[in-house]
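Trainee: I would like a close look at one part of this protein, namely the aromatic ring pairs and the spaces around them. Could you take me through it in one connected account?

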Amino acid sequence: MPRFSPDTLTEVGVSLFTACGCSAEDAHTVTEHLVESSLFGHDSHGTLRFYEYVEQIRDGIFAPQGTPKVVQERGVTAVIDGGGTMGQIGGRFAVEVAAAKARELGVASIGLRNCAHLGRIGAYPLALARQGLVGLAFVNAGRLGRQIAPYGGLDGKLSTNPVAFAAPRSGHDPILVDMTTSVVAEGKVRVYSNRGDHLPEGWIIDRDGEPSTDPADYLGEDGGAILPLGGVVAYKGYCLSMIVEIFGGIFSGQGTAAGDRIMQSNGLLLTAYDPSFFAVYSDYQREMEGLVAHVLSSRVDPRIGEIKLPGEPEFRSERERRAQGIPIDDTTWARICERARELGLNPEPWIQAAI
């Protein structure tokens with residue numbers, strides 16, 4: 001499995017997306033999001049998407065030169081139409097609008113619709129946290145979400161419906177929560193499939209409702225479903241998924257999983273909070289660090305070995321992969337090179353740059 005530096009993968013992504021018609025600025029925005037996702041260990045929302053996004057542009061699913069704009073606005077709220085743009089471009093614009101309103105008014109809640117796959121949802125609250133704000137995101141898959149079985153059901157009826165949250169800390173990485181309300185994101189099943197690996201137990205059921213570890217039992221024609229988060233308490237994950245479907249789908253105007261299946265757009269509701277509006281900022285910092293110290297003061301379960309703060313696995317992965325390179329499985333890399341050649345690009349210099 002080859003490894004590549006973040007700089008090499010940035011060159012790969014920018015080359016691919018500009019060749020597809022994106023502006024240089026937009027190509028950098030999308031690529032930096034995807035490379036950071038792989039640095040964070042989320043290859044399902046990172047390099048895997050290089051070739052998928054190229055295919056989606058080729059198939060006309062979204063517009064590489066689309067432009068997001070505010071179509072409705074009142075007080076702390078706004079709704080953005082993405083103009084069919086790449087998801088990261090719409091997401092970046094939503095962050096900008098949310099941050100400006102939150103600084104002025106203390107809080108802002110922004111809906112985003114009509115753009116492509118938003119990628120790693122934690123990126124958007126994290127972008128707010130890096131500006132000293134707290135971010136909360138709910139995202140559904142619009143009319144496309146049919147991957148997750150409801151609790152007690154056998155058929156995929158809901159999206160993976162992620163929830164993401166980030167809060168700033170002084171002198172430390174932010175608290176970061178980025179989680180699906182399903183056991184796993186769909187992209188991670190594709191990662192296992194590309195690697196030729198079996199899935200962990202408890203991720204999927206086949207079309208007959210039987211537990212399976214074969215990715216083909218989900219990805220194949222008439223495949224099964226991914227299970228809701230929670231194992232024996234999966235009813236709770238299913239309930240969270242319904243909350244996200246309503247906030248992300250209805251409030252954004254993108255729509256819910258009900259209705260005719262349409263291959264377009266996530267729905268996003270992004271809320272930003274200015275901590276200094278709700279408390280003296282020094283009090284916020286003191287309470288935050290007090291909470292962290294309190295949690296970390298617990299005795300450690302020797303079966304687990306340590307207590308990790310929310311987001312700590314991602315930030316550790318980022319530092320490790322930045323130093324050692326980002327691994328890409330052979331199937332994913334072959335598909336990236338194939339798409340590059342179709343676009344008239346020569347991937348040989350990238351291949352030679354493998355670590």
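Trainee: To begin with one residue, is W203 buried or exposed, and what is its relative accessible area?

Mentor: W203 is buried, with a relative accessible area of 13%, and I should say at once that the model we are looking at is a predicted one. The ring of W203 pairs with that of Y192: the two centres lie 5.1 Å apart and the planes meet at 75 degrees, so this pair is edge-to-face. Y192 belongs to helix α6, whereas W203 sits in the loop between α6 and β8 (204-205), so the contact ties together parts that are 11 residues apart in sequence. Y192 itself counts as partly exposed, because its relative accessibility is 23% and the buried class ends at 20%.

This pair is one of 13 aromatic pairs found in a search of the whole structure. Another of them joins F4 and W333, whose ring centres are 4.3 Å apart and whose planes stand at 35 degrees, so that pair is tilted. Here the contact spans a long stretch of chain: F4 lies in strand β1 (residues 3-4) and W333 in helix α12 (residues 330-342), so the pair ties together parts that are 329 residues apart in sequence. F4 counts as buried at 1% relative accessibility, and W333 also counts as buried, at 8%. Elsewhere, F17, F50, Y53 and F62 are linked into a cluster by ring pairs.

The helix that carries W333 deserves a closer look. With 13 residues, α12 reaches 18 Å from its first C-alpha to its last, which is close to the 18 Å expected at 1.5 Å a residue. Its buried residues are T332, W333, I336, C337, R339 and A340. They cover an arc of only 160 degrees around the axis, which puts them on the same side of α12. As general background, an α-helix has 3.6 residues a turn, so residues three or four places apart point the same way.

T332 leads on to the enclosed spaces, for this residue of α12 is also part of the lining of the largest cavity, together with D43, T47, L48, V191, R195, P327, I328 and D329. About 60 Å³ of space lies in that cavity, and its lining is made up of four nonpolar, two polar and three charged residues. The count of cavities of 30 Å³ or more comes to two, and the second largest holds about 30 Å³ of space. Its lining consists of I148, A149, P150, L158, S159, T181, S182, P228, Y238 and S241; by class, six of these are nonpolar and four polar, with no charged residues.

Finally, helix α6, where we met Y192, brings us to the open space. The largest pocket contains about 1100 Å³, and of the 46 residues that line it, R49, H117, Q147, T160 and E186 are the closest to its centre. At least two lining residues each come from α3 (48-58), β5 (134-140), β7 (172-179), α6 (186-195) and α7 (216-219). By class, the lining of this pocket has 17 nonpolar, 17 polar and 12 charged residues.

Key:
Residues numbered from 1 in each chain as written. Predicted model: local features only at pLDDT ≥ 70, side-chain atom pairs only at ≥ 80, totals over all residues. Heavy atoms only, no water. 1 Å grid on protein atoms, 1.4 Å probe; cavity = no way out; pocket = protein on both sides within 12 Å on 5 of 7 lines; lining within 4 Å. Points joined across faces, edges and corners; volume = space filled by probe spheres on them. Helix = DSSP H or I, 4+ residues; strand = E, 2+ residues; numbered from the N terminus. Nonpolar A, V, L, I, M, F, W, Y, C, P; charged D, E, K, R; others polar. Phe/Tyr/Trp six-rings, centres within 6.5 Å; stacked < 30°, edge-to-face > 60°. Buried < 20%, exposed > 50% of the residue type's maximum accessible area, 1.4 Å probe, protein only. Expected span 1.5 Å × (residues − 1). Arc of directions from axis to C-beta.
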